[in-house]
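Here is a brief report on one protein chain. Look over the sequence and the structure before reading on.

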Amino acid sequence: MTTGESADDSADDSADGRADESAGKGAGGGRDAGSGLPLRVAVIIGSTREGRIGDAVGRWFMERARDRSELDLAVLDLADYDFPVHYPGRATEQMTEFTDEIARAEAFVVVTPEYNRSFPASLKQAIDFAYEEWQAKPVAFVSYGHGSAGLYAVEQLRTVFTELHTVTLRNGVALDFLRQPLEGHPGDTGRDRSVGLMLDQLGWWGRALREARAVRPYVS
């Protein structure tokens, strides 16, 4: 491991989305369907390593995101799932539970470290459990590491999520623990500004794609 954590460091949801949004159409209907409803965002903690700090990074992010009333945030910590070592012929209950959460979500924030210029195998395994559930939804990244701040992992994840027909955001949050600890220094708002800008973009894309799916289901 060259860079990484500090301590050792398929069901289409279009029908469900249209049903959920139809309740919020009101008299306006059509293009603005569901636009007043909070955007359902899944925050995925990608590392499952013993001694990880991914859960601490996830809590740090949630503290800064939870006051956004337009977002309905839910944490999906991969360490809480008991996924099989070998890919089974039939999905297990835990696999189904995870893909159901992916289907329910309308946008994603992936929290990932960088291991040897890539992202964790645990994250790739979980991503591959779903396919159509990811489609036509935005994905943002909170990355962390030493020196590169996890950006090599993000670049590889962009390729993976492009194949899954998502929209990955230009702006993200990159944490370099060589230069600054997680909590930083009092009065340092640079990271907070990065979180705010990323969430602004995630909200825009999430609502735009929600409305687009309601008008015309995505076809891959």
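The report moves from the overall fold to selected side chains.

**Fold and surface**

This is a predicted model. The chain holds six helices and six strands. Along the sequence, these elements run α-β-α-β-α-β-α-β-α-β-β-α. The chain has 220 residues, and 49% of them count as buried. Its exposed area is about 10900 Å², with 48% supplied by carbon and sulfur atoms.

**Aromatic pairs**

Ten aromatic pairs turn up in a search of the whole structure. One of them joins Y81 and F98. Their ring centres lie 5.5 Å apart. The planes meet at 85 degrees, so the pair is edge-to-face; the cut-off for that class is over 60 degrees. The pair links distant parts of the chain, with the two positions 17 residues apart in sequence numbering. Y81 sits in the loop between β2 (71-77) and α3 (93-104), while F98 belongs to helix α3. Both Y81 and F98 are buried. The two residues also share one aromatic cluster with F83, Y87 and F129.

**Charges over rings**

Two arginines are placed over tyrosine rings. The table gives each distance to the ring centre.

| Arginine | Ring | Distance to ring centre |
|---|---|---|
| R49 | Y115 | 3.8 Å |
| R117 | Y152 | 4.1 Å |

In the second case, the charged end of R117 is the part that sits over Y152.

**A buried lysine**

Where does K137 lie in the chain? K137 is in the loop between α4 (121-129) and β4 (138-145). Is K137 buried or exposed? K137 is buried, because its relative accessible area is 0% and the limit for buried is under 20%. The K137 side chain has a polar partner: it reaches the backbone oxygen of I102 at 3.1 Å.

**L73 in strand β2**

L73 is part of strand β2. Its relative accessibility is 17%, so L73 counts as buried, again by the under 20% limit. Which residues does L73 touch, leaving aside those up to four places away in sequence? They are V41, V43, M62, A65 and R66. A further spatial relation concerns A42. L73 and A42 are 31 residues apart in sequence, yet their C-alpha atoms are 6.0 Å apart in space.

**In short**

The buried residues described here include K137, in a loop, and L73, in strand β2. Y81 and F98 are buried too, and they form an edge-to-face pair.

Methods: Residues are numbered from 1 along each chain as its sequence is written. This is a predicted model: local features need pLDDT of at least 70, side-chain atom pairs count only at pLDDT 80 or more; totals for chains, interfaces and linings use all residues. Side-chain values use heavy atoms; hydrogens and water are left out. Helices (H or I, at least four residues) and strands (E, at least two) are DSSP runs, numbered from the N terminus. Buried means under 20% relative accessible area, exposed over 50%, partly exposed in between (1.4 Å probe, protein chains only). A polar contact is a pair of N or O atoms within 3.5 Å; within protein, one must be able to donate a hydrogen and the other to accept it, and residues adjacent in sequence count only if both atoms are side-chain atoms. Accessible areas come from the Shrake-Rupley method with a 1.4 Å probe; for residues, only the protein chains shown count as cover. Rings of Phe, Tyr and Trp (its six-membered ring) pair if their centres lie within 6.5 Å; planes under 30 degrees apart count as stacked, over 60 as edge-to-face and the rest as tilted. A charge sits over a ring if NZ of Lys or CZ of Arg is within 6 Å of the ring centre and within 35 degrees of the ring normal. Contact means heavy atoms within 4.5 Å.
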